[in-house]
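The exercises below are meant to be worked through with the sequence and the model side by side. Try each task before reading its solution.

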Amino acid sequence: MHSDPASVPLTARRNGPLAGRIRVPGDKSISIRALILGALTVGETTVSGMLEGEDVLNTAKALQALGARISRTGEQAWSIHGVGVGGFAEPAGSLDFGNSGTGCRLTLGAVAGCPITATFDGDASLRSRPMRRVLDPLERIGARALVSADGRLPLTLKGARDPMPIVFEPPVPSAQLKSATLLAGLSAPGETVVIEAEATRDHTEKMLRYFGAEVRVEATERNGRRITLTGQPELMPRPIMVPADPSSAAFPLIAALVVPGSDVILQGVMMNPLRTGLVATLMEMGASIERLDERNEGGEDVADLRVHAGALRGVDVPASRAPSMIDEYPVLAVAAAFAEGATRMRGLKELRVKESDRLAATADLLRVNGVALDIEGDDLIVHGNGRAKGGGAVTTHMDHRIAMSAVVLGLASERPVQVDDGTFIATSFPGFVELMRGLGADLS
Ligand code: S3P
């Protein structure tokens, strides 16, 4: 891939130990849901700890174009005046979600239950990602999509005049798919049911209930869930506190594990059990991670995580764990490079349709830096030997998590690691470079 003229290369070098106490930005999933659900209430929703990353800002702009009044009232403090369920106005132009799959897919769901027509678009990365999977349940609810045969953006959605409640079993484990269906179901009379074969992050269900909707969640066999939403609720605004994003915390956390002598505290990290697969896996690898001051903030479990560097060993990560750590595999693969022995990560099919083909991009980033690995079907096997050569040039593919994973590798490898474009890091983790430098990282 040719680098964009606006791209900014970034180089990570080995330096002394990382030390300090930091708080990573707010959770991306919760920040985006706070905006969308806030836009569906009547009255003012206030949000503190909002992630001010590009994905969230693009979602906010799209919701403003749909009629919600959204303003920044202070540092990470936002106010949303919603239009009520079914109350979106037809936007004047197309909605541009930039890099944000979550913003785009969840807003598709929210628009599907409104009698308006809207065009959805995004950057080259988002334009390459599958949308058919979301359009299928939305069309069953009564929306109509004008979309190319390959099911990619840009697409135009005509919302349902008379939305119908449906029972939907997502063909892939995806919180975005579940959430889009539930958000469309808000406008339908009666019960909309989503039956997940494997539980995925439950922020939409929790926030809907917090805003007053009737949502029933029943466990099904083998860690599945049946979620039943009663349609046409009046959503009541309530304040939202966004906890620190565990998917962002993963980068300084793994950096602290693999840079010798490090001792880092990560404050207020969300510990929702559907998001903690990475911490469980790292503990199995022998990592020293203490959960301090476990508490509940704004309806979510949070803890301060104290991380000490130390030896790691390779493990077998079961496919069943993937939904609880789906965004963490690239950086787990970096940890696996510094472990002793093989780490097999099973069932990574969904990684191929993220901001980039993350399975290929992760393999490339390791390979150019001298780490041995194999891909067998949907499994990634990293052959760790406690060290990495580094010295490689990594292609980001417009993917923030690939960029940050490469940086973490460079902080502990023998030679520096160069990333072709650090700008996409602002998608989910504004201030990443400064925060890491504050811990002692050498980034330029
Ligand atoms: C998200 C769900 C996951 C995840 C994404 C955020 C969400 O995607 O990869 O970063 O907020 O619902 P899928 O639901 O497509 O797996």
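**Exercise 1.** In this predicted model, which residue in β5 does valine 47 stand opposite? Find the strands that surround this pair and describe how they are joined.

*Solution.* Begin with the residue itself: valine 47 stands opposite tryptophan 78 in β5. Next, look at the strands, where β3 (residues 42-48) and β5 (residues 77-83) pair in the antiparallel sense over 6 bridges. Then turn to β4 (residues 69-74), which also runs antiparallel to β5 and is joined to it by 5 bridges, with arginine 69 standing opposite histidine 81. Finally, examine the hairpin of β4 and β5, which has 2 residues between the strands and in which glutamine 76 takes a positive phi near 55 degrees.

**Exercise 2.** Locate the ligand, and work out which helices contribute to the shell around it and which side chains offer it polar atoms.

*Solution.* First, find the largest pocket, since that is where the ligand sits. Second, assign the shell to its helices: α1 (28-39) and α6 (175-185) each supply at least two residues, and α1 gives the largest share, 3 residues. Third, sort the shell by character, which yields 2 nonpolar, 4 polar and 5 charged residues. Fourth, check the distances, for an oxygen atom of the ligand lies 2.7 Å from an N or O atom in the side chain of serine 29, and the value is also 2.7 Å for arginine 33 and for aspartate 327. Lastly, consider the cover: of the 380 Å² of accessible area that the ligand has on its own, the protein covers 95%.

Conventions: Residues numbered from 1 in each chain as written. Predicted model: local features only at pLDDT ≥ 70, side-chain atom pairs only at ≥ 80, totals over all residues. Heavy atoms only, no water. Polar contact = N/O pair within 3.5 Å; in protein donor to acceptor, adjacent residues only side chain to side chain. Areas by Shrake-Rupley, 256 points an atom, 1.4 Å probe, with all protein chains shown as cover. 1 Å grid on protein atoms, 1.4 Å probe; cavity = no way out; pocket = protein on both sides within 12 Å on 5 of 7 lines; lining within 4 Å. Sits in = over half its atoms within 2 Å of the grid points. Helix = DSSP H or I, 4+ residues; strand = E, 2+ residues; numbered from the N terminus. Nonpolar A, V, L, I, M, F, W, Y, C, P; charged D, E, K, R; others polar. Pairing = 2+ DSSP bridges.
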